[in-house]
Amino acid sequence: MRAVKKGWIGMAGLVGCLLAVWAGQAIQEKQIPAMKFNDVVEMAPGVFFRYSSISATDMSIPFGGCNNTWIVFKDFVVVIDANFPKEAEDVLAAIRKTTDKPIRFVLDTHHHGDHAYGNTVWAREGAKVVGHVNCSRLLATNGPRQWDEAAKDRKDIASNKLKTVDIAFDDSHVIDDGTQRVEFHHLGHAHTAGDAVAWLPRHRILCTGDACVNGAFNYMGQSNSASWVNALDRMLKFDPEVVVPGHGKPSAARQLIGLQRRYFADTRAAVKKGIEAGQKLEEITTAIDMPWYKEWTGKDAAKIPENIAHVFKELTGKIDHKTLGSASQPGTMGPYSTESVTRVAGR
Ligand SMILES: [Zn+2]
């Protein structure tokens, strides 16, 4: 475990500088504060960030679950994302180097294993799990089967038990003790039907979970790509300075949200054009060319055919988004365990 680095408090100034440098350009990694896996920085007074390992291009880099942020209030701590059980223990150890206050709440930004399966660890610490109602429902209904599937691949899951959401909210849930304020908001069906972001208005930091990532980490299997674009627009309305994504490095907010939005908008436009020209999915996939995306992520957009296939299915009416978790009746949610299990085992 590396020592906690202080001194990222000047993030706002740094971001202002980055925005000037980045205007109209792809993000240059060297301009982002250098962080290694497990590094912890204090982004703003009482707001800590732990960077998780992940690479879209170098598969030798182990997947360390999701990024985590924690906010130290006067008497307690709020953690953003539960991570996997093993990584939750690592994050807990990192938190204990910054504060000995009790951890009272953890937000699941969505129900996927790398963001929610560590709930069991946080609950043992005495924390209540908070999540959007759809996240809560997805963990409760499909959760047990998906947990058992994921347990085949991960010892930390096999040796723990699924813990679901304690406090479910519809639109938003606010925690404010006069010293810190964090607002959890549901901005619509984006990465999943139960996405939530954490907005820290005092620090202008937005923690997005996987509704905005920095790199080729978008898994779209349970997404609504049209609604996702709208959710990204809603993120901009907070006027954040910094985005802490679910995966990848924190970034200047407008720049990163813009890139993430462009990926879905351009993919949707390219697929729509291909469908109108009578092209098959394979032809559309081969023809997709987004040099800017490769500049951003290091990966060709066409090399993520499952995302293109998902948009193709959406635009040809083959996906009922209600079956992806947005239905109000738990019994009407369709089966999608295969995709979700892939998600748990992978990213
Ligand atoms: Zn994730």
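In the predicted model, seven strands form an open sheet with mixed pairing, arranged in the order E1-E2-E3-E4-E5-E6-E7. The edges are occupied by strand E1 (40–44) and E7, each of which has a single partner strand, so one side of each is left without a neighbour in the sheet. On average, and with direction ignored, neighbouring strands of this sheet are turned by 20° against each other. Strands of a sheet pair through backbone hydrogen bonds, and this pairing may be either parallel or antiparallel.

Within this sheet, strand E3 (residues 68–72) pairs with E2 and with E4. Strand E2 (residues 47–50) runs antiparallel to E3, and four bridges join the two. Across this pair, Val47 has Ile71 in E3 as its bridge partner, while Arg50 stands opposite Asn68 in E3. The pairing of E3 with strand E4 (residues 77–80) is likewise antiparallel and extends over four bridges; here Thr69 is partnered by Ile80 in E4. The connection from E3 to E4 is a hairpin of four residues. Four of the five residues of E3 are buried, so this strand is largely enclosed by the rest of the structure.

Helix H5 (residues 133–141) contains the buried residues Asn134, Cys135, Ser136, Arg137, Leu138 and Leu139. The helix lies across E6 and E7, and its direction makes an angle of about 110° with E6. The buried residues of H5 pack against both strands, E6 (128–132) and E7 (167–169), and also against helices H3 (113–116) and H6 (143–151).

A further packing arrangement involves two helices. Two packed helices are described by the angle between their axes and the distance between the axes. The axes of helix H9 (residues 253–276) and helix H12 (residues 305–315) come within 10 Å and cross at roughly 60°. H9 and H12 are therefore oblique to each other, and their crossing is right-handed. On the H9 side, the contact is made by Thr267, Arg268, Val271, Lys272 and Ile275, which meet Asn307, Ile308, Val311, Phe312 and Leu315 in H12. By character, the residues of this contact of H9 with H12 comprise six nonpolar, two polar and two charged. An α-helix has 3.6 residues a turn, so residues three or four places apart point the same way.

How values were computed: Residues numbered from 1 in each chain as written. Predicted model: local features only at pLDDT ≥ 70, side-chain atom pairs only at ≥ 80, totals over all residues. Axes fitted to C-alpha atoms, helices over the stretch in contact; angles between N-to-C directions. Parallel < 35°, antiparallel > 145°, perpendicular 65-115°, else oblique. Left-handed = near helix turned anticlockwise from the far one by under 90°. Contact = placed C-beta atoms within 7 Å. Nonpolar A, V, L, I, M, F, W, Y, C, P; charged D, E, K, R; others polar. Buried ≥ 20, exposed ≤ 12 C-beta atoms within 10 Å, placed from the backbone. Pairing = 2+ DSSP bridges.
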